[in-house]
Amino acid sequence: MKKTAVTLALLAGLLGSGGCAKIDNCTIEETVGTELTLKVGEFGSCGMIYSGLKGGFTYAGMSNDDIFTVVKSGVYKAYNLYFPVETNELAEGLTVLEVTPEYLKVECE
């Protein structure tokens with residue numbers, strides 16, 4: 001039991017409180033959120049998740065004013081995914097904050 005409490009305390013210290021007051025009942029999972037900004041050609045991922053888009057993708061820019069592209073690559077394949085600029089969510093827990101021809105800004109939850 002003490003080992004678990006120490007581990008959670010260390011994780012909380014490393015991750016930050018995320019704005020939770022001591023009396024709140026929020027968990028560490030609720031406080032973790034990462035903002036990721038990728039320039040064209042840059043690869044990014046949402047931590048140690050290895051599947052789906054959260055596992056990593058490359059921003060490939062905008063094919064026109066209404067469409068942007070990300071590339072998902074695997075061991076033996078890579079494929080482009082096209083999204084309208086109005087897209088709010090690329091995948092579950094991967095929210096689009098801003099998209100321009102130069103960069104894509106997403107939030108990983």
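What follows is a walk through the fold of this protein chain, from its overall make-up to its two sheets, its core and one buried threonine. The model is a predicted one.

Start with the big picture. The protein chain has two helices and eight strands, and the helices come before the strands: reading from the N terminus, the order is α-α-β-β-β-β-β-β-β-β. Of the 109 residues in the chain, 27% are buried. The chain exposes about 7,600 Å², with carbon and sulfur atoms supplying 56% of that area. As for contacts between residues at least 6 apart in sequence, 31% of them join residues at least 24 apart.

The strands sort into two open sheets. One has four strands in the order β1-β8-β7-β6, paired antiparallel. Its edges are β1 (34-39) and β6 (89-91), each of which pairs on one side only. From one strand to the next, the twist in this sheet averages 30 degrees. The other sheet also has four strands, this time in the order β2-β3-β4-β5, and its pairing is antiparallel too. Here the edge strands are β2 (43-44) and β5.

Zooming in on the first sheet, β6 and β7 (residues 94-99) are held in antiparallel register by two bridges, with Ala91 sitting opposite Leu94 of β7. These two strands make a hairpin with two residues between them, and in that hairpin Gly93 takes a positive phi near 80 degrees. Next along, β7 and β8 pair antiparallel over five bridges. They form a hairpin as well, with three residues between the strands, and Val99 of this pair stands opposite Leu104 in β8. Over in the second sheet, β3 and β4 pair antiparallel over four bridges, and Met62 faces Phe68 in β4 across that pairing.

Now for the core. In soluble globular proteins, nonpolar side chains tend to be buried together. The largest nonpolar core here holds 16 residues, and the members that touch the most others are Phe57, Phe68, Val70, Leu90, Leu94, Leu104 and Val106. Strands from both sheets chip in: β1, β3 (57-64), β4 (67-73), β7 and β8 (103-108) each give two or more residues to this core. Leu104 is a good place to look in the structure. Leaving aside residues up to four places away in sequence, Leu104 touches Leu36, Thr37, Leu38, Phe57, Tyr59, Phe68, Val70, Leu90, Val96, Glu98 and Val99. That list includes Phe68, the residue already met opposite Met62, and Val99, the partner of Leu104 across the β7-β8 pairing.

Finally, a polar residue worth a look is Thr87, in the loop between β5 (78-84) and β6. Thr87 counts as buried because its relative accessibility is 15%, below the 20% cut-off. The side chain of Thr87 reaches the backbone oxygen of Pro84 at 2.7 Å. Apart from residues up to four places away in sequence, Thr87 touches Phe68 and Val96. Both of these residues are also on the contact list of Leu104, and Phe68 is one of the core members that touch the most others.

Definitions and conventions. Residues are numbered from 1 along each chain as its sequence is written. This is a predicted model: local features need pLDDT of at least 70, side-chain atom pairs count only at pLDDT 80 or more; totals for chains, interfaces and linings use all residues. Side-chain values use heavy atoms; hydrogens and water are left out. Two strands pair if DSSP finds at least two bridges between them. Axes are lines fitted to C-alpha atoms, for helices over the stretch in contact, and angles run from 0 to 180 degrees between N-to-C directions. Buried means under 20% relative accessible area, exposed over 50%, partly exposed in between (1.4 Å probe, protein chains only). A polar contact is a pair of N or O atoms within 3.5 Å; within protein, one must be able to donate a hydrogen and the other to accept it, and residues adjacent in sequence count only if both atoms are side-chain atoms. Contact means heavy atoms within 4.5 Å. Accessible areas come from the Shrake-Rupley method with a 1.4 Å probe; for residues, only the protein chains shown count as cover. A nonpolar core is a set of buried Ala, Val, Leu, Ile, Met, Phe, Trp, Tyr and Cys residues joined through side-chain atoms within 4.5 Å.
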